[in-house]
Amino acid sequence: MKLAFISDIHANLEALESVLADIDSKEIDDIYCLGDVVGYGANPNECVEIVSKRCKSVLLGNHDAVATGLLTTQHFNVHARIAIEWTAGELTSENKKFLAAQPLAKTVDDFTMVHATPYQPGMWYYITSLEEAYFNFQSFDTRICLVGHTHIPMIIALDEEEIYVHQDKSISFDERENLRLLINIGSVGQPRDRHPESSYGILDTGEKKFSLYRVPYDIAKTQSKMKKIKMPDFLVNRLAEGR
């Protein structure tokens with residue numbers, strides 16, 4: 001099977017539509033969303049409705065949790081707080097109910113999915129170093145764990161006791177029995193690796209291969225919508241800078 005993974009859409013409708021069009025061109029069997037469907041962008045309801053229809057399963061992200069009242073804005077910076085307060089007022093009760101009902105983590109066959117980290121997913125920790133990655137490998141039993149949250153796509157490999165960042169966009173693991181992977185699929189709606197194009201991943205369970213993909217979208221249109229609803233300039237400008 002070929003499975004697509006998306007995350008951190010953040011109410012960016014143009015980015016989501018572009019990514020789904022790219023996914024549809026690749027004959028994918030199922031799509032999974034790792035959370036943060038809303039926050040920052042101007043189209044939270046539209047994105048929730050599309051994801052709820054297109055994805056086989058959806059996880060709860062921290063922005064989703066705040067927007068639905070499950071989490072406070074205590075750890076949000078001022079820009080994120082402004083955005084999520086607008087989002088909470090904009091979301092329909094039905095879409096809030098949908099987001100709030102989603103799990104923090106999910107395991108399917110030989111892969112685990114979580115928005116933040118497999119270690120205490122509800123604490124919303126980040127994996128930003130190999131040391132943190134190595135620690136988190138101890139918190140899932142499957143061969144592969146897929147995450148989002150940092151908005152930075154990255155493939156981290158653990159081969160017995162050797163841990164390293166895989167430098168290519170694809171990795172095959174068919175003949176490497178001891179290889180385990182912790183993969184950040186990046187962000188659809190707000191990449192932060194200095195690359196403004198949307199990021200997502202595909203797992204081919206037959207070929208035992210994972211690949212990261214980048215997709216361009218109409219950034220100017222998204223920015224125009226954000227300006228109309230008076231989102232902070234910082235949030236608007238960062239889309240074109242990929243930061």
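**Reading burial, helix faces and backbone angles**

Colleague: Let me start with one residue: is Thr87 buried or exposed, and what is its relative accessible area?

Modeller: Thr87 is buried, with a relative accessible area of 0%. Buried means under 20% relative accessible area, exposed means over 50%, and partly exposed is what falls in between, with a 1.4 Å probe and protein chains only. Before we go on, note that this is a predicted model, in which local features need pLDDT of at least 70 and side-chain atom pairs count only at pLDDT 80 or more, while totals for chains, interfaces and linings use all residues. Residues are numbered from 1 along each chain as its sequence is written, and side-chain values use heavy atoms, with hydrogens and water left out.

Colleague: Where does Thr87 sit, and which residues does Thr87 touch?

Modeller: Helices (H or I, at least four residues) and strands (E, at least two) are DSSP runs, numbered from the N terminus, and Thr87 belongs to helix α4, residues 78-90. A contact means heavy atoms within 4.5 Å. Leaving out residues up to four places away in sequence, Thr87 touches Val38, Gly39, Tyr40, Pro44 and Ala67.

Colleague: Which residues surround Ile156, in the same way of counting?

Modeller: Ile156 is in strand β7, residues 154-159, and counts as buried at 5% relative accessibility. With residues up to four places away in sequence not counted, Ile156 touches Leu130, Ala133, Phe137, Ile163, Tyr164, Val165, Arg180, Leu181 and Leu182.

Colleague: What is the case for a residue in a loop, such as Pro191?

Modeller: Pro191 is found in the loop between β10 (179-184) and β11 (198-204), and Pro191 is buried, with a relative accessible area of 3%. Among the residues that Pro191 touches, not counting those up to four places away in sequence, are His151, Arg214, Gly242 and Arg243.

Colleague: How should I read the buried residues of a helix, and which ones are they in α2?

Modeller: The idea is to look along the helix axis and ask what arc the buried residues cover, the arc being that of the directions from the helix axis to the C-beta atoms. In α2 (44-54), the buried residues are Pro44, Asn45, Cys47, Val48 and Val51. Seen down the axis, they fall within an arc of 165 degrees, so they line one face of α2. What covers them includes α1, β2, β3 (57-58), α4 and α5 (93-100).

Colleague: Which residues of α7 are buried, and which are exposed on the other side?

Modeller: In α7, residues 219-228, the buried residues are Ile219, Thr222, Gln223 and Met226. They cover an arc of only 100 degrees around the axis, which puts them on the same side of α7. Ala220 and Lys228 are exposed on the other side, while the buried residues pack against α1 and α8 (233-241).

Colleague: What should I make of the sign of a phi angle, and what is the phi of Lys230?

Modeller: Most residues other than glycine have a negative phi. Lys230, just after α7, takes a positive phi of about 65 degrees. Glu27 has a positive phi of about 55 degrees although it is not a glycine, and Asp36 has a positive phi near 55 degrees.

Colleague: Are Glu27 and Asp36 buried or exposed?

Modeller: Glu27, in the loop between α1 (13-24) and β2 (30-33), is exposed, with a relative accessible area of 68%. Asp36, in the loop between β2 and α2, is buried, with a relative accessible area of 1%.

Colleague: Stepping back, how many helices and strands are there in the protein?

Modeller: The protein has eight helices and 12 strands. Its radius of gyration is 17 Å, close to the 18 Å that the globule rule gives for 243 residues, so the protein is as compact as a globular protein of that length; the radius is taken over C-alpha atoms, and the rule is 2.2 Å times the number of residues to the power 0.38. The C-alpha trace spans about 50 × 35 × 30 Å along its principal axes. Of the 243 residues, 53% count as buried, and of the contacts with a separation of 6 or more, 72% join residues 24 or more positions apart.
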